[in-house]
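Here are a few exercises to try with the model open on your screen. Have a go at each one before reading the solution.

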Amino acid sequence: METKSEKILYPIAEIFESVNGEGPNVGKLAVFVRFAGCNLACSFCDTMWANEPDCPVTWMDADEIHERVRRTGTRLVTVTGGEPLMVTGLVPLLNLFTEPYAGSRIPSGIGFRESNADNGTIYKPEYAGSEFHPYRGPLSVEIETNGSIPIDFLDHLPIRPTVTMDYKLPGSGMEDHMRIENFHFLKPTDTVKFVAGSVEDLDRAREIIQKYHLTSICQVYIGPVFGRIKPVRIAEYMMEHAMNDVTLQLQLHKILWDPERRGV
């Protein structure tokens with residue numbers, strides 16, 4: 001039998017509720033589970049703080065994360081980073097999210113682990129055992145991944161999460177790390193996301209979309225690097241090149257809140 005000491009502990013940078021800012025779930029309520037650590041260093045990364053070796057983390061086991069998510073009452077879970085596919089033991093956590101929820105697995109009166117950072121992941125001891133109204137239906141799980149790690153293993157899960165996968169354009173400095181073979185494992189409910197900072201990036205995105213017939217495989221979104229290119233230029237480019245079935249996306253959370261604010 002698994003004991004407490006044998007449970008996998010996950011490095012959580014933050015867990016927070018917000019509206020989804022990008023992709024097909026834009027505008028919908030979501031609980032974001034952000035893991036610390038990434039294998040890439042994109043020039044425009046807006047969560048670089050979560051990738052640093054000294055990023056403050058809260059070590060939580062799967063039951064604690066699941067309980068934290070359920071307590072929000074929100075159905076959609078967005079697993080993000082950093083790079084979540086780097087995390088050891090991710091599959092058991094993903095499977096737990098999609099299991100029927102019978103009630104708390106956290107003993108009453110037990111608070112979650114403390115952290116030296118106010119990252120929103122912790123229920124303080126005074127809240128332990130208090131009443132709450134968890135979401136008891138099936139959770140919908142979305143994984144945001146950077147495109148550099150294989151995704152084929154997700155096909156073997158009992159309930160496969162949807163995937164929002166980046167293709168890093170030249171302006172990111174990380175295009176050489178992209179795994180083109182991942183395109184073969186995408187489903188119609190999945191998304192490939194391009195973040196462009198220049199017309200040259202847009203040219204490359206259009207080339208990749210056409211070469212691999214992405215719009216016939218999955219959903220395709222293009223958005224701007226915040227502050228580097230105006231969204232209207234991307235809209236004009238899409239019209240100039242008749243980019244049917246491609247969706248222009250804006251980062252809604254950066255419109256609603258301060259672009260530098262965390263936890264939204």
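**Exercise 1.** In this predicted model, work out whether Phe16 and Phe32 are buried or exposed, then classify their ring pair.

*Solution.* Start with accessibility: buried means under 20% relative accessible area, and both Phe16 and Phe32 are buried. Next, the geometry. A pair of rings is described by the distance of the centres and the angle of the planes. For Phe16 and Phe32, the centres are 4.9 Å apart and the planes sit at 10 degrees. Planes under 30 degrees apart count as stacked, so that's what we call this pair. Finally, place the two residues: Phe16 belongs to strand β1 (residues 9-19) and Phe32 to strand β2 (residues 29-35). They're 16 residues apart, so the pair links distant parts of the chain.

**Exercise 2.** Find how many aromatic pairs the whole structure has, and which residues ring pairs link into a cluster.

*Solution.* Searching the whole structure turns up five aromatic pairs. For the cluster, follow the ring pairs through Tyr167, Phe183, Phe194 and Tyr212.

**Exercise 3.** Decide how many disulfides the structure holds, and explain why Cys45 isn't bonded to Cys42.

*Solution.* The count is zero. Take Cys38: the nearest cysteine sulfur belongs to Cys45, 6.7 Å away, and Cys38 is in no disulfide. Now Cys45: its closest cysteine sulfur is in Cys42, at 6.3 Å. A disulfide needs sulfurs within 2.5 Å, so this gap is too far for a bond. As for accessibility, Cys38 is partly exposed at 22% relative accessible area, and Cys45 is partly exposed too, at 26%.

Methods: Residues numbered from 1 in each chain as written. Predicted model: local features only at pLDDT ≥ 70, side-chain atom pairs only at ≥ 80, totals over all residues. Heavy atoms only, no water. Buried < 20%, exposed > 50% of the residue type's maximum accessible area, 1.4 Å probe, protein only. Phe/Tyr/Trp six-rings, centres within 6.5 Å; stacked < 30°, edge-to-face > 60°. Helix = DSSP H or I, 4+ residues; strand = E, 2+ residues; numbered from the N terminus.
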